[in-house]
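User: I would like to learn how to read a protein model, one feature at a time. Could we begin with a single residue and work outwards?

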Amino acid sequence: MSSDSVVIIGSGLAGYNLARELRKLDAQVPIVVVSRDHAGFYSKPMLSNALAGKKTAATLVMKAADKIGAEINARVLPHSTVERLDTQARTVLLTSGEVLPYRDVVLALGADPIRLPLKGNAANSVLSVNDLDDFAKFAEALDHPDGVKRVTILGAGLIGCEFANDLLHRGIEPTVLDLADRALGRLLPEAASLNLQTKLEAAGARFRFGVAVQSVDLASDGPGLQITLTDGSTFNTDLVLSAIGLKPRTALAAHAGLPVNRGIVVDRHLATSAEHVYAVGDCAEVDGHNLPYVLPLMQQARALAAGLAGQKTAVAYPAMPVIVKTPACPTVVCPPPLDAQGEWTVTTTDDALEARFTALGQPDKLLGFALQGKAVSQRQALAAQIPPLWL
């Protein structure tokens, strides 16, 4: 194998989009994509609304590994695990024993679901959906012969609310639990959170806030599971889905001596502290920001592809609204910067909610927004008014 290769470790949206962008700019550079799974191309955000679309794990795959490999003229290595990254020798060692020399290596490792230390004799039955294999297990569990009518979701954040909405399409009653006091509390102002909760409850979902699961046990009075909460109350459910958040995969970088914090620490050129080593996507902390959404990783892929093709480019972050896939309450949010000083102003009608976050003392300076219902049509117009994080 050529030592002129660009080795991309990870075959998710970040890894494959980088490969595509690089191939547009450089038709000759050898590209190797290392994947720990089947390496087929699919869109991870579609996992949380696949049930409504009657999708299966198989139909979610847009292109198999061999097809996308041919399309981008890359060597794709499915079911391959990296044992060690040697930044001095500029090699990637696979557990198979194969050594991949590289010109540049890109860590597109993604993130793992955060697992709660739950008690109970059925704690290991708790599922999470973070990739296609996880979704296949979840779908199989939903098709259990005894019938699944009640699913308990841990976490009322983005993924938890999206899965709650999606389960309703299967006639399943989701109960969403969260220690916080409202849904999507980190993204939405209070009025928008309550509106989302009300619409999902009207569709059949249930929410319980200020509590967490303490233990998951096999139900003593029939099939299913018994949930014990931190307030001592119990109830029965058929399935438990954990959606409390993600933790960037940083172990490979840390073992290679690279700085890690919330994610793998990179600058705006997506470069780590080691020459010729980069990181993109959910695993990357870019100049202090870890943004696990599609639009940031697309911006990263374009910038890094240009850099790898010889045109050093800093990533730019324009306003990047997040679309929440909850058809029961269509929602778009462009959260203000964490350190922003300002206030929310909310306007509601029967079929719309518009919330604007404006700078303190500068009501004409828009720093963030949340739109629901028919107001989501204003997404582009308002996004154009938001100052970019980075130009």
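Analyst: Start with exposure. A residue is called buried under 20% relative accessible area, exposed over 50%, and partly exposed in between (1.4 Å probe, protein chains only). Met 46 has a relative accessibility of 30%, so it counts as partly exposed. This is a predicted model, in which local features need pLDDT of at least 70 and side-chain atom pairs count only at pLDDT 80 or more, while totals for chains, interfaces and linings use all residues. Residues are numbered from 1 along each chain as its sequence is written, and side-chain values use heavy atoms, with hydrogens and water left out.

User: Where is the place of Met 46, and which residues does Met 46 touch?

Analyst: Two terms come first. Helices (H or I, at least four residues) and strands (E, at least two) are DSSP runs, numbered from the N terminus. Contact means heavy atoms within 4.5 Å. Met 46 sits in the loop between β2 (31-34) and α2 (57-60). Not counting residues up to four places away in sequence, Met 46 touches Lys 55, Leu 60 and Met 62. Separation along the chain and in space can also be read together: Met 46 and Leu 132 are 86 residues apart along the chain, and their C-alpha atoms are separated by 10.0 Å.

User: Is Asn 130, also in a loop, buried or exposed?

Analyst: Asn 130 is in the loop between β8 (111-113) and α4 (132-142). Its relative accessibility is 5%, so Asn 130 counts as buried. Beyond its neighbours within four places in sequence, Asn 130 is in contact with Lys 44, Leu 47, Ala 111, Asp 112, Pro 113, Leu 246 and Arg 249.

User: How do I read a residue in a strand, such as Val 176?

Analyst: In the same steps. Val 176 belongs to strand β10 (residues 173-178), and at 0% relative accessibility Val 176 counts as buried. Leaving aside neighbours within four places in sequence, its contacts are Ile 153, Gly 155, Ala 156, Ala 164, Arg 206, Phe 207 and Arg 208. Arg 208 is also touched by Ser 233, which is in the loop between β13 (225-229) and β14 (234-237). Ser 233 is partly exposed, with a relative accessible area of 22%.

User: How many of the residues of helix α5 are buried?

Analyst: Helix α5 (residues 158-168) has 10 of its 11 residues buried, so it is largely enclosed by the rest of the structure. Among the buried residues are Cys 161, Phe 163 and Ala 164, and also Glu 162, Asn 165 and Asp 166. Ala 164 is one of the contacts of Val 176.

User: What should I make of a positive phi value?

Analyst: Note the residue type, then the setting. Leu 270 has phi near 65°, a positive value in a residue other than glycine. Leu 270 is in the loop between β17 (264-266) and β18 (277-279) and is buried, with a relative accessible area of 0%. Asp 287 also has a positive phi, near 50°. Asp 287 lies in the loop between β19 (284-286) and α8 (294-308) and is partly exposed, at 45% relative accessible area.

User: Which residues have the most contacts inside the largest nonpolar core?

Analyst: In soluble globular proteins, nonpolar side chains tend to be buried together. A nonpolar core here is a set of buried Ala, Val, Leu, Ile, Met, Phe, Trp, Tyr and Cys residues joined through side-chain atoms within 4.5 Å. The largest has 60 residues, and those with the most contacts inside it are Val 7, Ile 9, Leu 85, Val 92, Val 106 and Leu 107. Apart from this core lies another, of 44 residues, including Phe 138, Ala 139, Cys 329 and Leu 353.

User: How many helices and strands are there in the chain, and how is compactness judged?

Analyst: The chain has 9 helices and 24 strands. Its radius of gyration (over C-alpha atoms) is 22 Å, close to the 21 Å given for 391 residues by the globule rule (2.2 Å times the number of residues to the power 0.38), so the chain is as compact as a globular protein of that length. The C-alpha trace spans about 60 × 55 × 35 Å along its principal axes. Buried residues make up 50% of the chain. Of the contacts with a separation of 6 or more, 59% are between residues 24 or more positions apart.
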